[in-house]
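Let's take a walk through this protein together, one neighbourhood at a time. Keep the sequence and the 3D view side by side as you read.

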Amino acid sequence: MMTDPLQTKVSESQPVIRRLEPDDYGRWLPLWQEYQRFYNADIPDETTQMTWRRLLDSREPMWGALALQGDRALGFVHWIYHRSCWTVGDYCYLQDLLVDSEARGQGLGRSLIGHVEREARSANCSRVYWLTQESNAQARILYDSVAENSGFIQYRKVL
């Protein structure tokens with residue numbers, strides 16, 4: 001197994017953050033399901049399976065990492081690279097971030113964001129950005145401390 005050059009050891013008492021590997025599915029899936037429950041989302045199994053394949057496919061612009069303490073996964077983060085008309089470098093969209101409810105308040109969310117920032121810098125991206133629900137007060141405390149609120153409002157139309 002190759003060592004991930006962007007693997008992050010937060011501290012001796014905190015988990016290692018590293019990119020997803022094929023054998024991680026059983027660790028990742030319960031967190032993915034917890035994430036869906038948090039957002040009251042019901043993502044079909046077919047979509048979950050496709051997401052997993054994309055996260056592991058080096059030809060896809062999607063990536064993921066787990067925060068592990070031993071064999072136990074305590075959190076995950078997913079990010080996507082995409083072009084922008086406003087910059088030469090790609091943007092990095094931090095799409096999903098979850099820290100297990102039992103592991104919150106220990107700096108792990110900040111560390112997962114930092115991991116994505118380092119990945120994006122390594123990929124010569126111009127920006128990392130993400131969204132959250134306005135009512136997600138706990139996450140917004142963290143986000144306000146590590147990034148600038150752009151003030152944009154998202155509109156969407158499901159197709």
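A good place to begin is Cys 125, which counts as buried because its relative accessibility is 17%, and the limit for buried is under 20%. Please keep in mind throughout that this is a predicted model. Does burial bring Cys 125 a partner, or what keeps its sulfur from a bond? The closest cysteine sulfur belongs to Cys 92 and lies 5.2 Å away, which is too far for a bond; a disulfide would need the two sulfur atoms within 2.5 Å.

The rest of the cysteine story fits with that. The structure holds 0 disulfides. Cys 85 is in no disulfide either, and the nearest cysteine sulfur to it, that of Cys 125, is 15 Å away. Is Cys 85 buried or exposed? With a relative accessible area of 84%, Cys 85 is exposed, whereas Cys 125 is buried.

Now step back by one residue from the cysteine we started with. Asn 124 sits in the loop between helix H3 (108-122) and strand E6 (127-129). Its backbone deserves a look: Asn 124 is not a glycine, yet it has a positive phi of about 60°. To put that in context, most residues other than glycine have a negative phi. Asn 124 is exposed, with a relative accessible area of 61%.

Another asparagine tells a similar tale. Asn 40, also not a glycine, has a positive phi of about 50°. You will find Asn 40 in the loop between H1 and H2, where it is exposed at a relative accessible area of 73%.

That loop leads us to the helices on either side of it. A pair of packed helices is described by the angle between their axes and the distance between those axes. For helix H1 (residues 25-38) and helix H2 (residues 45-56), the packing angle is about 125° and the axes are 12 Å apart. The two helices are therefore oblique to each other, and H1 passes H2 in a right-handed crossing. On the H1 side, the contact is made by Tyr 25, Trp 28, Leu 29, Trp 32 and Gln 36, and H2 answers with Thr 48, Gln 49, Thr 51, Trp 52 and Leu 55. Sorted by class, the residues of this contact are 6 nonpolar, 4 polar and no charged.

Next comes the second helix pair on our tour. How do H3 and helix H4 (residues 137-146) cross? Their axes come within 10 Å and cross at roughly 45°. H3 and H4 are therefore oblique to each other, and H3 passes H4 in a right-handed crossing. Here Gly 109, Arg 110 and Ile 113 in H3 meet Leu 142, Tyr 143, Ser 145 and Val 146 in H4. This contact of H3 with H4 has 4 nonpolar, 2 polar and 1 charged residues.

Our last stop is a strand. Arg 18 lies in strand E2 (residues 16-19). Is this arginine buried or exposed? Arg 18 is buried, with a relative accessible area of 12%. Try locating His 115 as well: Arg 18 and His 115 are 97 residues apart in sequence, while their C-alpha atoms are 8.5 Å apart in space.

Note on methods: Residues numbered from 1 in each chain as written. Predicted model: local features only at pLDDT ≥ 70, side-chain atom pairs only at ≥ 80, totals over all residues. Heavy atoms only, no water. Axes fitted to C-alpha atoms, helices over the stretch in contact; angles between N-to-C directions. Helix = DSSP H or I, 4+ residues; strand = E, 2+ residues; numbered from the N terminus. Parallel < 35°, antiparallel > 145°, perpendicular 65-115°, else oblique. Left-handed = near helix turned anticlockwise from the far one by under 90°. Contact = heavy atoms within 4.5 Å. Nonpolar A, V, L, I, M, F, W, Y, C, P; charged D, E, K, R; others polar. Buried < 20%, exposed > 50% of the residue type's maximum accessible area, 1.4 Å probe, protein only.
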